[in-house]
Amino acid sequence: MPKLDGFAATRVIRQHDKYKKVSKIPIIALTANAMVSDKEKCFDVGMDGYLSKPVTKEVLSDKILELLKIR
């Protein structure tokens, strides 16, 4: 992303008042970094899910449905 990375964008979304008016916005990290420390960092900043690339449509769909509590 040109101005913010995913960590900074997540912090903005989680801390900004205008986003707090909406029920919790699910944020899923899609990253090429597959180390445990990378996954922990994603959850530490407030992300709800973590997927390492390559990601299939099915895996992404399953994670979205999981976070939306549809499955």
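The largest pocket of this predicted model is lined by Gly6, Phe7, Ile28, Ala29, Leu30, Thr31, Asn33, Asp38, Lys41, Cys42 and Met47. Its volume is about 160 Å³. Three elements, namely helix 1, strand 1 (28-31) and helix 3, each contribute at least two residues to this lining. Strand 1 provides the largest share, with 4 residues. By character, the lining of the largest pocket consists of 6 nonpolar, 3 polar and 2 charged residues.

Two members of the lining, Phe7 and Lys41, also take part in a contact between a charge and a ring. Lys41 is placed over the face of Phe7, and the distance to the ring centre is 4.3 Å. As for contacts between rings, the structure contains 0 aromatic pairs.

**Salt bridges**

The count of salt bridges in the model is 2. The table lists them with their distances.

| Basic residue | Acidic residue | Distance, N to O |
|---|---|---|
| Arg14 | Asp48 | 2.6 Å |
| Lys63 | Glu66 | 3.5 Å |

What does the salt bridge between Arg14 and Asp48 tie together? Arg14 belongs to helix 1 (residues 6-15), whereas Asp48 is found in the loop between helix 3 (36-44) and strand 2 (49-52), so the pair links parts that are 34 residues apart in sequence. Both side chains retain some accessibility. Arg14 has a relative accessibility of 21% and is classed as partly exposed. Asp48 is likewise partly exposed, its relative accessible area being 22%. Since buried means under 20%, Arg14 at 21% and Asp48 at 22% do not fall in that class.

The salt bridge between Lys63 and Glu66 has another setting. Both residues lie in helix 4 (residues 57-67), where they are 3 residues apart, which means that about one helical turn separates them. Is Lys63 buried or exposed? With a relative accessibility of 17%, Lys63 counts as buried, because the class covers values under 20%. Its partner Glu66, by contrast, is partly exposed at 42% relative accessibility.

**Summary**

Helix 1 enters this account through two features: it supplies at least two residues of the pocket lining, and it holds Arg14, whose partner Asp48 lies in the loop between helix 3 and strand 2. Helix 3 also supplies at least two residues of that lining. The pairing within helix 4 joins Lys63 and Glu66, with the N to O distance at 3.5 Å.

Methods. Residues numbered from 1 in each chain as written. Predicted model: local features only at pLDDT ≥ 70, side-chain atom pairs only at ≥ 80, totals over all residues. Heavy atoms only, no water. Salt bridge = Lys/Arg side-chain N within 4 Å of Asp/Glu carboxyl O. Buried < 20%, exposed > 50% of the residue type's maximum accessible area, 1.4 Å probe, protein only. 1 Å grid on protein atoms, 1.4 Å probe; cavity = no way out; pocket = protein on both sides within 12 Å on 5 of 7 lines; lining within 4 Å. Points joined across faces, edges and corners; volume = space filled by probe spheres on them. Nonpolar A, V, L, I, M, F, W, Y, C, P; charged D, E, K, R; others polar. Phe/Tyr/Trp six-rings, centres within 6.5 Å; stacked < 30°, edge-to-face > 60°. Lys NZ or Arg CZ within 6 Å of the ring centre and 35° of its normal.
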